[in-house]
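Here's a quick briefing to read alongside the model. Keep the 3D view open and click through the residues as they come up.

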Amino acid sequence: WSSACVALPNFYFTLLWKASSVPFLIFQLIDLYTHSRMSLLPLFVFSVFSLEHLFYAFVWHKPRTFQKFISCKPDLDPCKGVHYGLIVNKCLQTLVFLYVCNLYNVQIEFKLFESAAWIVSAIRIITHLVLCAIAQFLNLSVYNAIGFDGVYYGVKFGKKIKWCSSFPYNKPWLKHPQYLGAWLFYMNVGFLMKNIVVANEGFESFIASLQFFITASYIFMSFIESE
């Protein structure tokens, strides 16, 4: 009886310890998964955003291979094929960005006039909106100047693209206006996000990293198309 009185409590506490260690282990695994997911997040996002530029580089250097790739659709214009590739890439980027916003629990907080420094905030937001408009003006100017086929590498597919001497190609200092417009738009959308979301240090750091990566990507494509 005395040995049973000793053994039963020991058995009970051993069972209780093992039972309590199971949820502890589960929480440890969840914590490990969360940290690994956050640490690998930039790599995942940068990989998705790089697909667009890798796709352009592939079409620029291997236009015939691209045409063979889309030969299953014999009536598909290769320029339209490039355009569809752009749409797919933009959709992927949007989905990934929304996933990141959800992961960081981003909340929009547009309380412009409630801040003591609302004039500074208003000037900052208006400036970014104006720069976004300038960016889109550059993109539209490129479309207007060289047309759909010019924008989507028609010259690489043997199409005759007339030499353009109108804006924005009549400004020697304005190199790669389409990429400049796209880069300017991305940068200012990022700055706008920082101004209208609830303070979130992790998300702001992520946006800064993404802006740096996008800048490097457009510099890379500028060199690719200068060859």
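Start with the aromatics: F55, Y56, W60, F66, Y153 and F157 are joined by ring pairs into a cluster. Keep in mind that this is a predicted model. In total, the model has 15 aromatic pairs, and they sit in a chain with six helices and zero strands.

**The aromatic cluster and its surroundings**

- A pair of aromatic rings is described by how far apart the centres are and by the angle of the planes.
- Take W60 and Y153: their ring centres are 5.4 Å apart and their planes meet at 70°, so this pair counts as edge-to-face, the label for angles over 60 degrees.
- This pair ties together distant parts of the chain, with W60 sitting in helix α1 and Y153 in the loop between α4 and α5, 93 residues apart.
- Buried or exposed, these two? Both W60 and Y153 are buried.
- W60 has a charged visitor as well: K156 lies over the face of its ring, 4.3 Å from the ring centre.
- Y153 also has H83 to look at, since the C-alpha atoms of the two are separated by 9.8 Å although they are 70 residues apart along the chain.
- H83 itself belongs to helix α3, and it counts as partly exposed because its relative accessibility is 23%.

**A tilted pair, F148 and Y152**

- F148 and Y152 make a tilted aromatic pair, 4.8 Å from centre to centre with 50° between the planes.
- What about accessibility for F148? With 31% relative accessibility, F148 counts as partly exposed.
- Y152 is buried, at a relative accessible area of just 3%.

**The largest pocket**

- If you're hunting for open space, the largest pocket has a volume of about 1200 Å³.
- Its lining is made of 38 residues, and V142, I146, Y169, Q178 and E225 are the ones nearest the centre.
- Which elements give two or more residues to this lining? They are α1 (2–61), α3 (78–103), α4 (118–151), α5 (177–196) and α6 (201–226).
- Helix α4 gives the largest share of that lining, with nine residues.
- By chemistry, the lining of the largest pocket splits into 24 nonpolar, seven polar and seven charged residues.

**The second largest pocket**

- The second largest pocket holds about 270 Å³ of space.
- It is lined by 14 residues, with F49, F97, Y186, V189 and L210 nearest its centre.
- Two or more lining residues come from each of α3, α5 and α6.
- Here α5 gives the largest share, five residues.
- The lining of this second pocket divides into nine nonpolar, four polar and one charged.

**The cavity**

- How many cavities of 30 Å³ or more are there? The count comes to one.
- That largest cavity has about 40 Å³ of space.
- The residues lining the largest cavity are F49, E52, H53, Q93, Y186, F213, I214, S217 and Y218.
- F49 and Y186 turn up in this cavity lining, and both are also among the residues nearest the centre of the second largest pocket.
- Both α1 and α6 supply at least two residues of the cavity lining, and α6 provides the largest share with four residues.
- Sorted by type, the cavity lining has five nonpolar residues, three polar and one charged.

**Helix α6 and the whole chain**

- Helix α6 has 26 residues and spans 38 Å from its first C-alpha to its last, close to the 38 Å expected at 1.5 Å a residue.
- The buried residues in α6 are F203, F206, I207, L210, Q211, F213, I214, S217, Y218, M221, S222 and I224.
- Among those buried α6 residues, F213, I214, S217 and Y218 also line the largest cavity.
- L210, another buried residue of α6, is one of those nearest the centre of the second largest pocket.
- Stepping back to the whole chain, the elements run α-α-α-α-α-α from the N terminus on.
- Of the 227 residues in the chain, 33% are buried.

Terms used: Residues numbered from 1 in each chain as written. Predicted model: local features only at pLDDT ≥ 70, side-chain atom pairs only at ≥ 80, totals over all residues. Heavy atoms only, no water. 1 Å grid on protein atoms, 1.4 Å probe; cavity = no way out; pocket = protein on both sides within 12 Å on 5 of 7 lines; lining within 4 Å. Points joined across faces, edges and corners; volume = space filled by probe spheres on them. Nonpolar A, V, L, I, M, F, W, Y, C, P; charged D, E, K, R; others polar. Phe/Tyr/Trp six-rings, centres within 6.5 Å; stacked < 30°, edge-to-face > 60°. Buried < 20%, exposed > 50% of the residue type's maximum accessible area, 1.4 Å probe, protein only. Lys NZ or Arg CZ within 6 Å of the ring centre and 35° of its normal. Expected span 1.5 Å × (residues − 1).
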